[in-house]
Amino acid sequence: MKVEIDSFSGFKIYPSKGKLFVRGDSKVFRFATSKNASLFLQRKNPRKISWTQLYRRMHKKGTTEEVAKRRARKTVKHQRGVVGVDLATLMARRTEGKDVREKARSEAIAKAKEEKKAKEAKKNKPARPAGTHTTGPRVSKQQMKGKGGR
Amino acid sequence: MIGLKAMMNIIDNSGAVLAECVHVLKFKTRHGHARVGDTVVCVVQRARPIPIITGPAGPQTASIQAPKVRKGEVRRAVVVRTKKEEVRPDGSIVRFDDNAAVLIDKKGEMIGTRIGGVVSADLRRRGWGKIASLAPKVI
């Protein structure tokens, strides 16, 4: 059951009530009563007829309640954990502070540098006994594999 | 309520534009008036001009798009829109702004291939589902 609204006055039209008028340009108009239908066909402007919804909306009659309702609604944002980072770690990371983060970053950089150095050292050692450039890298790779590199 | 001498717009692409009702077929209970879904015999009063087919263009223009009906022809038609209100089974009342029909042949097949305009939903109820399905909008 669908309750339609009147095209002229904005009233509700329950099933089996009222009339449906299809104009030449295929536009549909629904009328709840013959009063609405008659006024529409007389080409009256609903904005000037004081008992229609259009008029009331235009002149802001009886709308104070509606406005109040709208203000009450405000969406509240909830913090949620992401996959891989649960809520606790997320909040902890947020409150870490700049110094802690920078420290961690510099530590990570130093660690990476050290690892890189170690890698290079390992690379260079086997390369020397091989001698020639072209075979060098090949030998070192094999040796790396033999040593069970990283 | 289409009766004798009633003018209807033809809304298919058969070439006719206006038709005058000459006889309402069957339906003794209708008392001589046709409603949506009824068949009438009508005379074509105004038709779109049929183009004169010249040599090279021949087979192409004799296509589906060419109007098939001339002025003064007597044809059958199905009423699809009436200015008089129709009462639906759920109690609602529907009224259109004009009277309109679609041309058909004696077997009940449409002469045109397309329908331009709104059509009443009562057609389906009265057995003209084919016409209703061709229409761009059914109310």
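The legends below describe close-up views of a predicted model, covering the contact between chain A and chain B and the surroundings of one residue of chain B.

**View 1. The interface between chain B and chain A in the predicted model.** In this view, 12 residues of chain B are in contact with 11 residues of chain A, and the two chains bury about 1000 Å² between them, with 59% of that area on carbon and sulfur atoms. B:Ile93, B:Arg95 and B:Asp97 together supply 47% of the area that chain B buries against chain A, which is more than any other three residues give.

**View 2. Polar contacts and residue classes at the interface.** Five residue pairs are found in polar contact across the interface of chain B and chain A, whereas the count of salt bridges between these chains is zero. Strand S6 of chain B, residues 93–96, gives the most to the side of chain B that touches chain A, contributing four residues. By class, that side of chain B has five nonpolar, two polar and five charged residues.

**View 3. Strand pairing between the chains.** Strand S3 of chain A, which spans residues 19–22, pairs with S6(B) in the parallel sense over four bridges. Within this view, A:Val22 stands opposite B:Phe96 of S6(B).

**View 4. The surroundings of B:Glu20 in strand S2 of chain B.** B:Glu20 lies in strand S2, residues 16–24 of chain B, and is classed as buried because its relative accessible area is 12%, under the cut-off of 20%. Its side chain makes a polar contact with the side chain of B:Lys5 at 3.2 Å. When neighbours within four places in sequence are left aside, the residues in contact with B:Glu20 include B:Ala6, B:Met7, B:Val41, B:Cys42, B:Val43 and B:Gln45.

Notes. Residues numbered from 1 in each chain as written. Chains lettered and ligands numbered in written order. Predicted model: local features only at pLDDT ≥ 70, side-chain atom pairs only at ≥ 80, totals over all residues. Heavy atoms only, no water. Contact = heavy atoms within 4.5 Å. Buried area = accessible area lost by both parts, 1.4 Å probe. Salt bridge = Lys/Arg side-chain N within 4 Å of Asp/Glu carboxyl O. Polar contact = N/O pair within 3.5 Å; in protein donor to acceptor, adjacent residues only side chain to side chain. Helix = DSSP H or I, 4+ residues; strand = E, 2+ residues; numbered from the N terminus. Nonpolar A, V, L, I, M, F, W, Y, C, P; charged D, E, K, R; others polar. Pairing = 2+ DSSP bridges. Buried < 20%, exposed > 50% of the residue type's maximum accessible area, 1.4 Å probe, protein only.
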